[in-house]
Amino acid sequence: MGRRTWPDEEKLRIVMESYVPGTRVGDVARQYRLLPSQLTTWRRMAREGRFGLPEEAPGCPDASEFVPLMMEVEPRTSRPSQDERIEIEAGGVTIRLSRSTPAARVAEIAAALGARRG
């Protein structure tokens with residue numbers, strides 16, 4: 001059995017059928033003896049405008065359904081906030097450490113400050 005060639009109009013009709021609400025790509029592909037990946041490729045091509053997809057196609061996603069995600073990230077200050085620091089106070093000395101300081105290092109510093117007091 002040789003390769004089948006599909007006219008663009010036929011591809012578009014099959015693609016449109018796959019966009020009917022409640023329809024599964026695999027079921028439509030099986031109906032036309034296509035691989036689901038082939039139908040998925042045709043759907044992508046249709047979204048890219050390669051088949052002249054009609055604007056009013058029922059069930060077909062339009063451009064408004066694909067809105068890019070926009071995020072506003074607040075710039076970090078150069079100094080960590082109070083909530084992001086560990087403070088060790090002993091004998092009038094205050095040591096400020098990042099929360100990412102390993103626990104073993106914090107313990108060493110605390111022990112050194114304790115030994116200094118005695």
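Buried here means under 20% relative accessible area, and by that cut-off helix α1 (residues 8-18) has K11, L12, I14, V15, M16 and S18 as its buried residues. This is a predicted model, so treat everything below as a reading of a prediction. The chain has 118 residues, and 25% of them count as buried. What follows starts with the overall layout, then turns to helix α1, one of its serines, and the salt bridges.

**Overall layout**

- The chain contains four helices and two strands.
- Reading from the N terminus, the order of the elements is α-α-α-β-β-α.
- Take the contacts between residues at least 6 apart in sequence: 38% of them join residues at least 24 apart.
- About 9300 Å² of the chain is exposed, and carbon and sulfur atoms supply 52% of that.

**Helix α1 and what covers it**

- Which elements help cover the buried residues of α1? The cover includes α2 (25-31) and α3 (36-47).
- K11 is on the buried list for α1, and its relative accessible area is 15%, which puts K11 under the 20% cut-off.
- D8, also in helix α1, counts as partly exposed because its relative accessibility is 37%, and partly exposed covers the range between 20% and 50%.

**A closer look at S18**

- S18 sits in helix α1.
- Is S18 buried or exposed? S18 is buried, because its relative accessible area is just 3% and the cut-off is under 20%.
- The side chain of S18 reaches back to the backbone oxygen of V15, at 2.6 Å. V15 is itself one of the buried residues of α1.
- Leaving aside residues up to four places away in sequence, S18 touches T23, V28, L39 and R43. Of these, V28 falls within the range given for α2 (25-31), while L39 and R43 fall within that of α3 (36-47).

**Salt bridges within α1**

- The structure holds five salt bridges, and a few of them are picked out here.
- Side chains of opposite charge can pair when their charged atoms come close.
- K11 pairs with D8, with the closest N and O atoms 4.0 Å apart. Both residues lie in helix α1, three residues apart, or about one turn of the helix. This bridge joins a buried residue, K11, to a partly exposed one, D8.
- R13 and E10 meet through their side chains in another salt bridge, at 2.4 Å from N to O. Because R13 and E10 are three residues apart in helix α1, about one helical turn separates them.
- How accessible are the two partners, R13 and E10? R13 counts as partly exposed at 38% relative accessibility, and E10 is partly exposed too, with a relative accessible area of 24%.
- E10 and R13 also belong to a network of salt bridges that links them with E17.

**A salt bridge in α2**

- D27 forms a salt bridge with R30, and the closest N and O atoms are 2.8 Å apart.
- Why is the separation between D27 and R30 about one helical turn? The two are three residues apart in helix α2, so about one turn lies between them.
- D27 counts as partly exposed, at 36% relative accessibility. R30 is exposed, because its relative accessible area is 56% and exposed means over 50%.

Methods: Residues numbered from 1 in each chain as written. Predicted model: local features only at pLDDT ≥ 70, side-chain atom pairs only at ≥ 80, totals over all residues. Heavy atoms only, no water. Buried < 20%, exposed > 50% of the residue type's maximum accessible area, 1.4 Å probe, protein only. Contact = heavy atoms within 4.5 Å. Areas by Shrake-Rupley, 256 points an atom, 1.4 Å probe, with all protein chains shown as cover. Polar contact = N/O pair within 3.5 Å; in protein donor to acceptor, adjacent residues only side chain to side chain.
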